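Open the model in your viewer, keep the sequence panel beside it, and follow the stops below in order. At each stop, make the selection that is suggested and then compare what you see with the description.

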Amino acid sequence: MISRITQHHVGLHASRAAEDLQKEVWGFAQAVSDAQNQHCADNRMNYWKSRLTLSVEHAKARGMEIQEIAHQCEFSLSRSQGTRPLAAQTLFLIESFLRQQGIPARLNGQAEVFPRR
């Protein structure tokens with residue numbers, strides 16, 4: 001079982017799976033955002049969909065719980081990545097895709113996980 005990183009120290013494999021999942025969900029989010037602005041080809045969107053699907057399946061196979069996968073997706077999209085916040089429609093499309101994968105993530109691109117000082 002994998003616990004949230006903020007609560008418990010996790011092993012190398014668990015933190016690597018979480019890191020990979022965060023990268024995939026962020027890449028997918030950028031592809032969705034670009035597709036909405038018509039700056040993305042269909043093959044790029046399909047590429048990121050398949051990468052995210054594989055990453056979710058890999059996390060499940062490693063024993064990561066659905067709630068932890070959802071948390072990693074939420075965490076990834078609520079951090080500042082040096083770009084503008086994702087639009088509400090983009091977040092809705094990402095949530096819809098994640099729910100198709102069985103991940104009940106609730107995304108809010110404006111929230112900060114760690115308050116700034």
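Helices (H or I, at least four residues) and strands (E, at least two) are DSSP runs, numbered from the N terminus. With that in mind, colour the protein chain by secondary structure, and you should find 4 helices and 0 strands, which run α-α-α-α from the N terminus on.

Before going further, keep in mind that this is a predicted model, in which local features need pLDDT of at least 70 and side-chain atom pairs count only at pLDDT 80 or more, whereas totals for chains, interfaces and linings use all residues. Residues are numbered from 1 along each chain as its sequence is written, and side-chain values use heavy atoms, with hydrogens and water left out.

**The whole chain**

Show the surface of the protein chain, whose accessible area (Shrake-Rupley method, 1.4 Å probe; for residues, only the protein chains shown count as cover) comes to about 7300 Å², with 50% of it belonging to carbon and sulfur atoms. Of the 117 residues, 41% count as buried, where buried means under 20% relative accessible area, exposed means over 50%, and partly exposed lies in between (1.4 Å probe, protein chains only).

**The nonpolar core**

Now hide the surface and select Phe 28, Leu 52, Ile 69, Leu 77, Ile 94 and Leu 98, the residues with the most contacts inside the largest nonpolar core, which has 28 residues. Such a core is a set of buried Ala, Val, Leu, Ile, Met, Phe, Trp, Tyr and Cys residues joined through side-chain atoms within 4.5 Å. The elements that give two or more residues to this core are helix H1 (12-36), helix H2 (42-61), helix H3 (66-78) and helix H4 (88-100), and H1 gives the most, with 9 residues. Centre the view on Leu 98, which touches Leu 52, Cys 73, Ile 103, Ala 105 and Leu 107, not counting residues up to four places away in sequence; a contact here means heavy atoms within 4.5 Å.

**Along helix H2**

Which residues of H2 are buried? Select Met 45, Trp 48, Leu 52, Ser 55, Val 56 and Ala 59, which are the buried residues of this helix. Seen down the axis of H2, these buried residues fall within an arc of 100°, so they line one face of the helix; the arc is that of the directions from the helix axis to the C-beta atoms. Turn the helix round, and the face away from the buried side carries the exposed residues Asp 42, Asn 43, Leu 54 and Ala 61. Just beyond, H2 is followed by Gly 63, whose phi is positive, near 95°.

**Two aromatic pairs**

Next, look for the 2 aromatic pairs that the structure holds. Rings of Phe, Tyr and Trp (its six-membered ring) pair if their centres lie within 6.5 Å, and planes under 30 degrees apart count as stacked, over 60 as edge-to-face and the rest as tilted. Select Phe 28 and Phe 97, whose ring centres are 4.9 Å apart with planes at 40°, so the pair is tilted. Phe 28 lies in helix H1 and Phe 97 in helix H4, so this pair ties together parts that are 69 residues apart in sequence, and both residues are buried. Then select Tyr 47 and Trp 48, whose ring centres are 5.3 Å apart with planes at 80°, so this pair is edge-to-face. Tyr 47 counts as partly exposed at 41% relative accessibility, whereas Trp 48, at 18%, counts as buried.
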